[in-house]
Amino acid sequence: MSAFEFFFSFYGLLLGLCVAQIAGGIGHAIVVRRESRFGWLTPTLAAFLLLDLASFWFNAWDHRSAIGVTAATIYAGMIVALSYYIAVVLLFPVHSGNWEDLDEHYWSNKRWVVLGVALANFATLAWFIGLTFWLWPAVAWVQLGVYFGPLAILFFSRRAWLDGLCYAILIVVYVASTVMQR
């Protein structure tokens, strides 16, 4: 077993639990749709989170040769995955009877979800780039702005249309980058 396989058996499991948590939340929201209005904000955030989680798998694969097995690597992977897991746990209500409207739950928890996602992405970025960020080409800085800019706006926004615009930007960037990689 390679160092990457050893690391990824742990990291991938934690990321997989995040995906399972989102899938369970969507399923539960569909089951209780007669008790709670479904809305569009939480499902849109869930779609973005699924794409973002997939990017963690791609990034780990892209950097597999640089990932060694050390306590720092395991701890960093655990911090990234757990901050993401906590974010996705907050995405959907635990008890359906507490929320008449899924969008109400969204507004109550969105900042915590966005904060967890931003922390996971920032920690991953810091982990992979170390101190070489000043060597990045300008396009990398633009990509960071296109990602972290909408996340920052989401953290402060209290308008559904603005949140929708931010999710549209983030989702289109992920889909476009997938198409361009072909």
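This is a walk through one predicted protein model, from its overall fold to a few of its residues.

Let's begin with the whole chain. The protein chain has 182 residues, and 38% of them count as buried. If you follow the chain from the N terminus, the elements run α-α-α-α-α-α. In other words, there are 6 helices and 0 strands. How do parts of the chain that are far apart in sequence meet? Take the contacts with a separation of 6 or more: 82% of them are between residues 24 or more positions apart. As for the outside, the chain exposes about 10300 Å², and carbon and sulfur atoms supply 70% of that area.

Now pick out one helix, α2, which covers residues 41-62. This helix has 22 residues and reaches 32 Å from its first C-alpha to its last. That span is close to the 32 Å expected at 1.5 Å a residue. Several residues of α2 are buried, among them L41, L45, F48, L49, L53 and F56. The buried residues of this helix also include T42, T44, D52 and S55.

L41 gives us a bridge to another helix. H105 lies in helix α4, which spans residues 102-129. Along the chain, H105 and L41 are 64 residues apart, but their C-alpha atoms are separated by 9.7 Å. Is H105 buried or exposed? H105 counts as buried because its relative accessibility is 5%, and the cut-off for buried is under 20%.

Next, look at helix α3, residues 71-89, where you will find S83. With a relative accessible area of 11%, S83 is buried. What lies 3.0 Å from a polar atom of the S83 side chain? The answer is the backbone oxygen of V80. Leaving aside neighbours within four places in sequence, S83 is in contact with G116, L119 and A120.

A87 sits in helix α3 too. A87 is buried, with a relative accessible area of 1%. Not counting residues up to four places away in sequence, A87 touches V113, G116 and V117. G116 is thus a contact of A87, and G116 is also a contact of S83. A87 and C18 make another pair to look for: they are 69 residues apart in sequence and 8.8 Å apart in space, C-alpha to C-alpha.

Let's turn to charged side chains. How many salt bridges does the model have? The count comes to 3. One of them joins the side chains of D101 and R37, at 3.3 Å from N to O. This pair links distant parts of the chain, with D101 in the loop between α3 and α4 and R37 in the loop between α1 (3-31) and α2, 64 residues apart. R37 also forms a salt bridge with D103, where the closest N and O atoms are 3.1 Å apart. Here R37 lies in the loop between α1 and α2 and D103 in helix α4, so the pair ties together parts that are 66 residues apart in sequence. R37 counts as partly exposed, at 45% relative accessibility, whereas D103 counts as buried, at 8%.

The remaining pair to find is D163 and K110, whose closest N and O atoms are 3.0 Å apart. D163 lies in helix α6 and K110 in helix α4, so this salt bridge ties together parts that are 53 residues apart in sequence. Both D163 and K110 are buried. Salt bridges that share partners join R37, D101 and D103 into one network.

Finally, visit the surface. V142, V146, W161, L165, I169 and V173 make a nonpolar surface patch of about 530 Å². Which helices supply at least two residues each to this patch? They are α5 (138-156) and α6 (160-180). Helix α6 gives the most, with 4 residues. W161 has its place in helix α6. W161 counts as exposed because its relative accessible area is 60%, and exposed means over 50%. Helix α6 therefore appears twice in our tour: it holds D163, the salt-bridge partner of K110, and it gives 4 residues to the nonpolar patch.

Technical notes
Residues are numbered from 1 along each chain as its sequence is written. This is a predicted model: local features need pLDDT of at least 70, side-chain atom pairs count only at pLDDT 80 or more; totals for chains, interfaces and linings use all residues. Side-chain values use heavy atoms; hydrogens and water are left out. Patches are made of residues with over 30% relative accessible area and no salt bridge: like charges are joined within 9 Å, nonpolar side chains (Val, Leu, Ile, Met, Phe, Trp, Tyr) within 5 Å. Accessible areas come from the Shrake-Rupley method with a 1.4 Å probe; for residues, only the protein chains shown count as cover. A salt bridge is a side-chain nitrogen of Lys or Arg within 4 Å of a carboxyl oxygen of Asp or Glu. Buried means under 20% relative accessible area, exposed over 50%, partly exposed in between (1.4 Å probe, protein chains only). The expected span of a helix is 1.5 Å times one less than its number of residues. A polar contact is a pair of N or O atoms within 3.5 Å; within protein, one must be able to donate a hydrogen and the other to accept it, and residues adjacent in sequence count only if both atoms are side-chain atoms. Contact means heavy atoms within 4.5 Å.
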